[in-house]
Amino acid sequence: MSKKIRTEAVDHLFEAILSLKDKEECYIFFEDVCTVNELLSLSQRFEVAAMLRAQKTYLDIAEKTGASTATISRVNRSLNYGNDGYDMVFARMNQDKAE
């Protein structure tokens with residue numbers, strides 16, 4: 001992980017996020033912390049990542065999510081050369097569904 005983002009302020013933000021108990025608390029907190037567009041952008045990137053992992057084409061992803069090819073490419077780069085954060089979360093979500 002980049003040392004540029006490892007700050008005390010980011011630590012506090014992550015501690016706050018980890019304190020949330022359910023989806024409703026997430027809505028309440030993130031609506032206060034993020035603009036609507038920021039939250040929609042984050043969720044769009046997550047959907048793009050899921051679709052890329054499901055081997056969908058850029059065209060299919062762009063049509064379904066409204067993401068630009070630049071955004072899709074950026075997410076794809078994170079999936080292939082990032083810190084495996086998306087894959088970690090996808091694996092946990094799949095495990096939770098299986099239980």
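Helix 3 and helix 6 each put at least two residues into the lining of the second largest pocket. That's one corner of a predicted model of a protein with six helices and zero strands. Read from the N terminus, the elements simply go α-α-α-α-α-α. Here's a quick tour, starting with the pockets and then moving on to the helix packing and a few single residues.

**The second largest pocket**

- This pocket has a volume of about 150 Å³.
- Its lining is made up of F46, E47, A50, F90, M93, N94 and K97.
- Helix 6 is the top contributor here, giving four residues to the lining.
- Sorted by class, the lining residues come out as four nonpolar, one polar and two charged.

**The largest pocket**

- Now for the largest pocket, which holds about 2,200 Å³ of space.
- A total of 37 residues line the largest pocket, and those nearest its centre are I17, F30, L42, F46 and V89.
- Helix 1 (8–18), helix 2 (23–33), helix 3, helix 5 and helix 6 (85–98) are the elements that give two or more residues to this lining.
- The class count for the lining of the largest pocket is 21 nonpolar, six polar and ten charged residues.
- F46 is worth finding on screen: it is among the residues nearest the centre of the largest pocket, and F46 also lines the second largest one.

**The protein as a whole**

- The C-alpha trace spans about 35 × 35 × 25 Å along its principal axes.
- Out of 99 residues, 14% count as buried.
- Take the contacts with a separation of 6 or more: 39% of them come from residues 24 or more positions apart.

**Helix 3 against helix 5**

- Helix 3 (residues 36–53) packs against helix 5 at an angle of about 65°, and their axes are 9 Å apart.
- The crossing of this pair is right-handed.
- On the helix 3 side, the contact uses Q44, R45, V48, A49, L52 and R53. On the helix 5 side, you'll find T71, I72, V75, N76, L79 and N80.
- By class, the contact between helix 3 and helix 5 has six nonpolar, four polar and two charged residues.

**Helix 4 against helix 5**

- Helix 5 (residues 69–81) has another partner in helix 4 (residues 58–65): their axes come within 10 Å and cross at roughly 115°.
- Helix 4 also passes helix 5 in a right-handed crossing.
- Y58, I61 and A62 of helix 4 make this contact with T69, I72, S73 and N76 of helix 5.
- The class count for helix 4 with helix 5 is four nonpolar, three polar and no charged residues.
- I72 and N76 are handy landmarks, since they take part in the contact with helix 4 and in the contact with helix 3.

**Two buried residues**

- L52 belongs to helix 3. L52 counts as buried because its relative accessibility is 10%, which is under the 20% cut-off.
- Leaving out residues up to four places away in sequence, L52 touches Y58, I61, I72, V75, N76 and L79.
- L52 and E99 are 47 residues apart in sequence, and their C-alpha atoms are 25 Å apart in space.
- T71 sits in helix 5. T71 is buried too, because its relative accessible area of 13% is under 20%.
- If you set aside neighbours within four places in sequence, T71 is in contact with Q44 and R45.

**Two loop residues with positive phi**

- Q55 lies in the loop between helix 3 and helix 4. Q55 isn't a glycine, yet its phi is positive, at about 65°.
- Q55 counts as exposed because its relative accessibility is 67%, and the cut-off is over 50%.
- D84 is found in the loop between helix 5 and helix 6. D84 isn't a glycine either, and it has a positive phi of about 65°.
- D84 counts as partly exposed because its relative accessibility is 47%, in between the 20% and 50% cut-offs.

Methods:
Residues numbered from 1 in each chain as written. Predicted model: local features only at pLDDT ≥ 70, side-chain atom pairs only at ≥ 80, totals over all residues. Heavy atoms only, no water. Axes fitted to C-alpha atoms, helices over the stretch in contact; angles between N-to-C directions. Left-handed = near helix turned anticlockwise from the far one by under 90°. Contact = heavy atoms within 4.5 Å. Nonpolar A, V, L, I, M, F, W, Y, C, P; charged D, E, K, R; others polar. Buried < 20%, exposed > 50% of the residue type's maximum accessible area, 1.4 Å probe, protein only. 1 Å grid on protein atoms, 1.4 Å probe; cavity = no way out; pocket = protein on both sides within 12 Å on 5 of 7 lines; lining within 4 Å. Points joined across faces, edges and corners; volume = space filled by probe spheres on them.
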